[in-house]
Amino acid sequence: MSARPFTEQEYLALSHHFASQNRTRDRALLVLGCGTGYRIQELLGLTVSQVWDGTDVPHEITIARRDLKGGKGAYKRSVRGRRVPLSEPVRSAIRDHLAAIGTGEPGRFFFATGRSQGGHGMNRSQAFRVLVRACIACGFDPTRVSTHSLRKTFVGRVYAASGHDLIKTQRLVGHSSPVTTARYLETDSADLDRLVLTLAA
């Protein structure tokens, strides 16, 4: 069963849940995932040096080809590095977490585990548990929630903001085909019913 995106109401509730408990790392994971569309392994591989330029959070993040999905495989020549601009809410979430962990260790993983020595990064399973437990705490059904829900939420947001332009969404997300992007978009049956009812007889 494929992951589902978060609704905006769920996103806001999760963000408030993490903020109310001062869980800056987990809130940053949510905000970056839904605000950049990077895959979970790409997010978890981020280091302090990639989100801090020495004076402030940069206005964009670029992940090199070698660190992207397929960047080391047989088709790596067809994979390009991916640059994503950071909105001010995303930069603010990054600042909050940097204030908690400090910027003195540039090589430290940004999403380090609290119990780690030397700043080891959290893994996909840990990130999954963070999201599912938060959904349960907020009263949401965790069925079909996974770390991929972050990227799917971003895709849905971009698609809506672009006026439902599939090609623009595909290019921004970094898919090789718009068919792949289309699979990320969930259509509500009520929306389809309304569309039919607007058609002329």
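**Reading helix α1**

Reader: Which residues of α1 are exposed?

Author: Gln9, Leu12, His16 and Ser20 are exposed, on the other side of α1 from its buried residues. Exposed here means over 50% relative accessible area. Keep in mind that this is a predicted model.

Reader: And which residues of α1 are buried?

Author: Buried means under 20% relative accessible area. In α1, that holds for Glu10, Tyr11, Leu14, Ser15, His17 and Phe18. They cover an arc of only 160° around the axis, so they sit on the same side of α1.

Reader: What do the buried residues of α1 pack against?

Author: Three partners: α2 (24-36), α6 (124-137) and α7 (148-161).

Reader: How do I check the length of helix α1? What span should its 13 residues have?

Author: Use 1.5 Å a residue. The expected span takes one less than the number of residues. Helix α1 covers residues 8-20, so it should span 18 Å. Its end C-alpha atoms are 18 Å apart, which agrees.

Reader: Which residue with a positive phi follows α1?

Author: Asparagine 22. Its phi is near 55°.

Reader: Now the whole chain. How many helices and strands does it have?

Author: Ten helices and two strands. From the N terminus, the order is α-α-α-α-β-β-α-α-α-α-α-α.

Reader: What share of the chain is buried?

Author: Of its 201 residues, 39% count as buried. The chain exposes about 11400 Å², and carbon and sulfur atoms supply 52% of that.

Reader: What percentage of contacts join residues at least 24 apart?

Author: Take contacts between residues at least 6 apart in sequence. Of these, 59% join residues at least 24 apart.

Technical notes:
Residues are numbered from 1 along each chain as its sequence is written. This is a predicted model: local features need pLDDT of at least 70, side-chain atom pairs count only at pLDDT 80 or more; totals for chains, interfaces and linings use all residues. Side-chain values use heavy atoms; hydrogens and water are left out. Helices (H or I, at least four residues) and strands (E, at least two) are DSSP runs, numbered from the N terminus. Buried means under 20% relative accessible area, exposed over 50%, partly exposed in between (1.4 Å probe, protein chains only). The arc is that of the directions from the helix axis to the C-beta atoms. Contact means heavy atoms within 4.5 Å. Accessible areas come from the Shrake-Rupley method with a 1.4 Å probe; for residues, only the protein chains shown count as cover.
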